[in-house]
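Hello,

I am handing over the structure we spoke about. Please take a look at it first, then read the notes underneath.

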Amino acid sequence: MNPGDRVRVERADREYEGVLLPSSTADQLVVKLDGGYNVGIEREGAETEVLESDVYQIDAAGDETASSAVEFDEDLPTVALISTGGTIASTVDYRTGAVTARFDAEDVLRAVPDLAGRANYRGRVVANILSENMEVPIWRDLAEAVHEEIENGADGVVVMHGTDTMQFSASALSFMLDTPVPIVFTGSQRSADRPSSDNVMNAVCAVEAAKADAAEVMVCMHATESDDVCALHRGTRVRKNHTSRRDAFETVGAEPLGTVDYDTETVAFHGEYEERGATDLDIQPDLAEDVELVKFTPGMDPAFFEACEGKSGLVIEGTGLGHVHSDRIEQLESLVDDGTTVVMTSQCIEGRVCDRVYDTGRDLLDAGVVEGEDMLPGTAKVKLMWALANADDVAKTMRTPLAGEITEQSRPWQA
């Protein structure tokens, strides 16, 4: 019995039929069922029958000692593939049934053969984590790795990243790097063992975007539930709006920066963007780590703001136009007086903070709270971390658009 054989496995009064796959452990059999899903079965107590030999060609993807042979073609651009982990580079741990990040960038090339022939690839691993474990030091490592790849001649960069915190990492690199080439984040909502996985299309479209003209930090993910088009979202305006749909990511307050047609491999951009080669490569990787993001809700314990005493920065998700309970304003003024930069954003999905309309807002401005315009709260947190470490006038910097994080304010026509 070898990987690639069609088998029937019976265990505990259940029967499984499909193609035997390589297993990462001697204790489990891994079978690809006819419906496309993989299942792990305990070897102990299992009865296995080989129905047909060598019905499926098994390559070296499951062999951790295998090497990736990536041929160089001088007529193709060079794309750096940088892995941080996540579902796009993951397998199922059949001991627990959980998805585990395990592939490095070259493993992804083996797992997504559709990438072949589109570019010359350089692969490197910055981290191998699920994205909920992302931390500020990894952002610095990632920015420095991207900077180094571009400095060494990469025509574009694709960052493979878990989707849960991808918007934060994309924002971080948007402020930390000035780039003359595209930097494209991509991931997968569904792991490669699932028939509905989005990993292949997202990876292919991300590489096409990395070869295109927009020298910005972007997020490339499914634009619809179908396998037709990927959207290119500006890294500072994107938000994950669904836990599991393949088209979970949306641009807030604007249309996506562009699209990639999967069938025709056509990349199209909409509106203004930074053109390839127009910006000199630069990096400012310093971030202030003691910045918090707090969501205000009715009846919130004042201790949440008390816990921010001594912090360099605080971003608040306020209600509506950017409000908190009136009784909390004095507390925020005390934070400002003690040196904490306090920035107000809104927990509304769309719209701009304006603390000049109601008394509460005016009192917040008098207390020294900075309006966060229409920045997404997560983006505002990352920008404040960057501004505290790099800007002379933090409040002014927070109100100034640097990487498309603040959209142009609509004003009524006047004669």
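Helices and strands here are DSSP runs, numbered from the N terminus: a helix is H or I over at least four residues, and a strand is E over at least two. Asp374 falls outside both, in the loop between β23 and α8 (377-390). Please keep in mind that this is a predicted model.

Confidence comes next. The mean pLDDT of the protein is 87. A pLDDT of 70 or more is reached by 86% of its residues. Residues 59-69 stay under 50. For that stretch the model has 10 contacts beyond four places in sequence.

Back to Asp374. Is it buried or exposed? Its relative accessibility is 8%, so it counts as buried, the cut-off being under 20%. Arg352 sits 22 residues away along the chain, yet the two C-alpha atoms are separated by 4.2 Å. Arg352 is also one of the contacts of Asp374 beyond four places in sequence. The others are Arg237, Gly351, Glu405, Ile406 and Thr407.

Pro298 is a loop residue too, placed between β20 and α5 (303-306). Pro298 has a relative accessible area of 75%, so it is exposed. Pro298 and His325 are 27 residues apart in sequence. Their C-alpha atoms are 7.6 Å apart in space.

Now the sheet. Four strands form an open sheet in the order β20-β21-β22-β23, and the pairing is parallel. Which strands are at the edges? They are β20 (291-295) and β23, each of which pairs on one side only.

Strand β22 (residues 341-346) deserves a look of its own. 6 of its 6 residues are buried, so the strand is largely enclosed by the rest of the structure. Thr341, Val343 and Thr345 point one way from β22. Val342, Met344 and Ser346 point the other way.

On one side, β22 is joined to β21 (residues 313-318) by 6 bridges. Ser346 in β22 stands opposite Gly318. Helix α6 (residues 329-337) completes a right-handed β-α-β unit with β21 and β22. There are also 2 parallel bridges from β22 to β23 (residues 370-371). Here Met344 has Glu371 as its bridge partner. To get from β22 to β23, the chain passes through helix α7 (residues 359-366), in a right-handed β-α-β crossover.

Next, the cores. In soluble globular proteins, nonpolar side chains tend to be buried together. Here the largest nonpolar core has 50 residues. Which residues have the most contacts inside it? They are Val146, Leu173, Ile183 and Phe185. Helix α2 (residues 136-151) gives this core its largest share, 8 residues. A second, separate core holds 26 residues, including Val112, Val184, Ala203 and Val260.

Phe185 makes many of its contacts at a distance in sequence. Beyond four places away, it touches Leu142, Val159, His161, Met166, Ser169, Ala170, Leu173, Val217, Met218, Val219 and Cys220.

Helix α3 (residues 166-176) has 10 of its 11 residues buried, so it is largely enclosed by the rest of the structure. Among the buried residues of α3 are Met166, Ser169, Ala170 and Leu173. Those four are also among the contacts of Phe185.

Last, one residue with polar partners. His222 lies in strand β13 (residues 217-222). What is its relative accessibility? The value is 0%, so His222 counts as buried. Its side chain makes a polar contact of 2.8 Å with the side chain of Asn202. A polar contact with the side chain of Asp227 is also 2.8 Å. Leaving out residues up to four places away, His222 touches both of these, along with Asp198, Met201, Val229, Cys230, Ala231, Arg246 and Asp247.

If you have time for one stop, try β22: its residues are buried, and it pairs with β21 and with β23.

Best wishes

Notes: Residues numbered from 1 in each chain as written. Predicted model: local features only at pLDDT ≥ 70, side-chain atom pairs only at ≥ 80, totals over all residues. Heavy atoms only, no water. Buried < 20%, exposed > 50% of the residue type's maximum accessible area, 1.4 Å probe, protein only. Polar contact = N/O pair within 3.5 Å; in protein donor to acceptor, adjacent residues only side chain to side chain. Contact = heavy atoms within 4.5 Å. pLDDT = per-residue confidence, 0-100. Core = buried A, V, L, I, M, F, W, Y, C linked by side-chain atoms within 4.5 Å. Pairing = 2+ DSSP bridges. Right-handed = clockwise from strand over helix to strand, strands pointing away.
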